[in-house]
Amino acid sequence: MLVALDIDGTLVTYDEVMSADIRAAVAALLDAGVHVVLATGRSVHATMPIAHELGITSGWAVSSNGSVTVRLDPGTALGYEIVDRITFDPGPALRLMHAELPEAHFAVEQVGTGFRVNKPFPDGELSGVLDVVDLEDLWSDHVTRLVVRSPGHTSEQFHELVHRMGLDDVSYSVGWTAWMDIAPHGVTKASALEVVRRRLGVEPARTVAIGDGSNDLQMIDWAARGVAMGHAPLAVREVADEVTGTIDDDGAVAVLRSLLA
């Protein structure tokens, strides 16, 4: 069985707290030989501490909403090796977004270390090393992810903006606030997980996914048993096979325990 788990809002609260029940439930799955795969919007350097807290030291993880896939290996210097890294030219999208949102914060991912940003982000919103550079430097290389943060706009306005600009050559997801992740075209958590599933030889019917955000929608739809957290947006809950409790209820625990029942 392959169990794909989002991190923030699914395993970890928005205050960065993971319950003992979550850790115990994941440990039981690992002991039973289940392939537990973290699938997150976090960068790989922010994914690995969660994997270690859960006791996941080998196997696979999907980071950056599907742009980066790693194989965990305790024998390597970093505890993992990057197997797939999918990049794109952020220039066209970045120039369009900056023209519409000149005061926005922009960041491009530097895999394994942090981000290049056009100006400092609010404390705690990005992890790793943050290098402040000129806007033009953000599109000097192909990247795995472009982040757009515009505190003065709502997520609904972000959706309207993308529709109006016709960003058809990238994939994007909008967060709970005025936050957008832009990825290579066609790249999602689901696309990366399908590659992992084939590598592991797991049958499609033996896949489970749990998530809570708009970037989890395709993953939940991909899984044979797709579960939405109770606080997930309506669009995510509608595509799910079932809805569990909220993050405040530790809703993922009941689902994880049911897999061993």
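In what sense, and over how many bridges, do strand E3 (residues 59–63) and E4 pair? In this predicted model, the two strands run antiparallel to each other and are joined by five bridges. One of the residue pairs involved is Ser63, whose bridge partner in E4 is Val68.

**The eight-stranded sheet**

Both strands belong to an open sheet of eight strands, in which the order is E5-E4-E3-E2-E1-E12-E13-E14 and the pairing is mixed. The edges are occupied by E5 and by strand E14 (242–243), and because each of them has a single partner strand, one side of each is left without a neighbour in the sheet. Helix H5 packs on this sheet, where it touches E1, E2, E3, E4, E5 and E12, and its direction makes about 165° with that of E3.

Val83 offers a view of the edge strand E5, which spans residues 80–85. With a relative accessibility of 32%, Val83 counts as partly exposed. Leaving out residues up to four places away in sequence, Val83 touches Trp60, Thr69, Val70, Arg71 and Arg199. The C-alpha atom of Val83 is separated by 21 Å from that of Met1, which lies 82 residues away along the chain.

**The nonpolar cores**

The largest nonpolar core has 34 residues, and those with the most contacts inside it are Leu5, Leu38, Leu54, Ile56, Val70, Ile210 and Leu256. Two or more residues of this core come from each of strand E1 (2–5), helix H1 (20–31), strand E2 (35–39), helix H2 (44–53), strand E4 (68–72), strand E12 (207–211) and helix H8 (251–258). For Ile210, when neighbours within four places in sequence are set aside, the contacts are Ala4, Leu5, Asp6, Thr10, Met219, Val227, Met229, Ala252, Val255 and Leu256. A second, separate core of 21 residues includes Met97, Phe106, Leu146 and Val148.

Helix H8 has Gly251, Ala252, Val253, Val255 and Leu256 as its buried residues. Among the elements that cover these buried residues of H8 are E1, H1, E12 and strand E13 (225–228).

**Strand E6 and its partners**

Strand E6 (residues 105–110) is largely enclosed by the rest of the structure, because five of its six residues are buried. E6 runs antiparallel to strand E9 (residues 146–149), to which four bridges join it, and within this pairing Val148 of E9 is the bridge partner of Phe106. Phe106 and Val148 are also among the residues of the second core.

E6 also pairs with strand E7 (residues 114–117), again in the antiparallel sense and over four bridges, with Ala107 standing opposite Val117 in E7. E6 and E7 form a hairpin with three residues between them, and Gly112 in the turn has a positive phi of about 90°.

**Salt bridges**

The count of salt bridges comes to 15. Three of them are set out below.

| Pair | N to O distance | Locations | Separation along the chain |
|---|---|---|---|
| Asp6 and Lys189 | 3.1 Å | Asp6 in the loop between E1 and H1; Lys189 in helix H5 | 183 residues |
| Glu16 and Arg42 | 3.2 Å | Glu16 in the loop between E1 and H1; Arg42 in the loop between E2 and H2 | 26 residues |
| Arg23 and Glu53 | 3.3 Å | Arg23 in helix H1; Glu53 in helix H2 | 30 residues |

The surroundings of these pairs can be described through their accessibility. Asp6 is buried, with a relative accessible area of 4%, and Lys189 is likewise buried, at 1%. In the second pair, Glu16 is exposed, with a relative accessible area of 53%, whereas Arg42 is buried, with a value of 14%. In the third pair, Arg23 is partly exposed at 30%, and Glu53 is partly exposed at 37%. Salt bridges that share partners join Asp6, Lys189 and Asp216 into one network.

Lys189 lies in helix H5, which covers residues 189–200. Beyond residues up to four places away in sequence, Lys189 touches Asp6, Ala39, Thr40, Gly41, Val62, Asn65, Gly66, Asn215, Asp216 and Met219. The side chains of Lys189 and Asp6 are also joined by a polar contact of 3.1 Å.

How values were computed. Residues numbered from 1 in each chain as written. Predicted model: local features only at pLDDT ≥ 70, side-chain atom pairs only at ≥ 80, totals over all residues. Heavy atoms only, no water. Polar contact = N/O pair within 3.5 Å; in protein donor to acceptor, adjacent residues only side chain to side chain. Contact = heavy atoms within 4.5 Å. Buried < 20%, exposed > 50% of the residue type's maximum accessible area, 1.4 Å probe, protein only. Core = buried A, V, L, I, M, F, W, Y, C linked by side-chain atoms within 4.5 Å. Pairing = 2+ DSSP bridges. Axes fitted to C-alpha atoms, helices over the stretch in contact; angles between N-to-C directions. Salt bridge = Lys/Arg side-chain N within 4 Å of Asp/Glu carboxyl O.
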